Amino acid sequence: MSDNRFDIAIVGAGPAGSMAALSASKLNKKVALFERKKDVGIPVRCGEGIGYKGLVSYLEPHKSWLKSMIKKSVMISPDGTRVEIANVEESYILDREKMDADIVTLAVNSGVAFYPSTNITSIEKCNDSSYLLKSPSNSYSASIVIIADGVESKLARDLGWNTCLRLEDIETCAFARVVSPFIDKETCVFYTGSNVAPGGYVWVFPRGVGEANVGLGISGKQSQPGRAKELLYAFINKEFPSSRVYNFHCGGVPATKWIRPLVKDGALLVGDAARQVNALSGAGISYSLFAGQTAGVIAAKAITNGSVSYSQLLQYETVWKKRFGKQQERSFALKEYLAKNSNDQFLNKIALSLSKENPAKINYLRVFVRTFSKNPILMFKAIKLFK
Ligand SMILES: Cc1cc2nc3c(=O)[nH]c(=O)nc-3n(C[C@H](O)[C@H](O)[C@H](O)COP(=O)(O)OP(=O)(O)OC[C@H]3O[C@@H](n4cnc5c(N)ncnc54)[C@H](O)[C@@H]3O)c2cc1C
């Protein structure tokens, strides 16, 4: 094999791509991982929140990845009603800069050829069924490609996947780090309301003492150029006066259904590129870790078996579907119902009824039941989703 010829080439060194690289290389395959940025994980385009299980199921977390341990969440409704929610499981705010870089280091230590500052501009299928990947200065070939290029995923389109998103299925996000004495290091706070984040919510995720990721997502349908940034700064000025604000960025969350099929002959789609995100909350880290790990193992086994056909790789989709497929379909359906049925008045009503309950007994299931019991038709539809 020449230096630029690999068993498996992976594009994108986010959690999905680097986990795929790590798991495939552990099975002794010749793996390349391409990342267009010089430094993995920078800038961080993420609130960095994750549940304990969603992290430790795939990796042994290093202490330096964990910025805050979250004890509770507070939801603030449009009229300012506060509802405290007990944690159903341990959860954390991560340091993605450190975590993303460390997963790549683990992959490199396990034999992966890592190419930072390498923008893959095209992927073509060759006559011998291998793939040719081109960057502005070089070309590479591989028997299998794993596309992990994130929400924009231009490369999936090169291979015939339709990654177009409806406006209502993209959350337009603006976010920044805020340094302020008003931040509680153990509490995540969520704000809703058409004035603060139309069609979405504001999050305040603490990163240790006196610092937080503060961001908001608004429905693409209700967004205009500059709107998310304007709303974010209005929110920060109101809730965290005289704070220091740095690392402002924008980004998008695909709040849609995962793409089907997830595989083609010799190609697999993972992470945000595959829309493997919880459409209701926007969370995607743990799904990307799982998808990357699964895709890496199945790609490596296909190489061992000497067949990289669709039917050989389809096992990845089967495993994904069994583990998270249904759960994500429900989240998408709930997002759709709520987008059509909820408004400030509805959110205020739910918050008011929950605020009368014992905070120790409120968990996300309770919030769910309250939300749907306010609307019997919605409740009926929601129950059908869980059958
Ligand atoms: C504002 C915001 C807040 C979020 N908050 C949370 C949260 O709190 N919790 C949570 O679980 N999820 C959150 N998410 C979602 C989470 O960040 C993503 O689901 C996750 O990062 C997806 O991982 P990935 O590996 O698929 O993609 P990414 O992390 O986006 O990685 C893709 C990588 O591919 C690289 N790339 C792209 N194109 C090319 C190319 N042509 N050549 C080479 N490299 C390329 C990119 O540079 C990037 O490094 C948030 C997302 C946003 C935008």
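**Ligand environment and overall architecture**

Glu35, Gly47, Gly49, Ile120 and Asp272 come nearest to the ligand among the 36 residues that surround it. The structure is a predicted model, and the contacts described here are computed from it. By class, the residues of this shell comprise 16 nonpolar, 12 polar and 8 charged members. Several secondary-structure elements contribute at least two shell residues each: the helices α1 (15-26) and α6 (285-305), together with the strands β10 (170-179), β12 (201-206) and β14 (244-254).

Polar contacts to oxygen atoms of the ligand involve both backbone and side-chain atoms of the protein. A backbone N or O atom of Ala16 is placed 3.0 Å from a ligand oxygen, and a backbone N or O atom of Pro15 lies 3.2 Å from an oxygen atom of the ligand. In the side chain of Asp272, an N or O atom is found 2.7 Å from a ligand oxygen. Of the 1,000 Å² of accessible area that the ligand has on its own, 90% is covered by the protein.

The chain contains 10 helices and 16 strands. Its radius of gyration is 21 Å, close to the 21 Å given by the globule rule for 387 residues, so the chain is as compact as a globular protein of that length. The C-alpha trace spans about 65 × 45 × 40 Å along its principal axes. Buried residues account for 50% of the 387 residues. The chain exposes about 17,800 Å², of which carbon and sulfur atoms supply 52%. Among contacts between residues at least 6 apart in sequence, 70% link residues at least 24 apart.

Note on methods
Residues numbered from 1 in each chain as written. Predicted model: local features only at pLDDT ≥ 70, side-chain atom pairs only at ≥ 80, totals over all residues. Heavy atoms only, no water. Near = heavy atom within 4 Å. Polar contact = N/O pair within 3.5 Å; in protein donor to acceptor, adjacent residues only side chain to side chain. Areas by Shrake-Rupley, 256 points an atom, 1.4 Å probe, with all protein chains shown as cover. Helix = DSSP H or I, 4+ residues; strand = E, 2+ residues; numbered from the N terminus. Nonpolar A, V, L, I, M, F, W, Y, C, P; charged D, E, K, R; others polar. Rg over C-alpha atoms; globule rule 2.2 N^0.38 Å. Buried < 20%, exposed > 50% of the residue type's maximum accessible area, 1.4 Å probe, protein only. Contact = heavy atoms within 4.5 Å.
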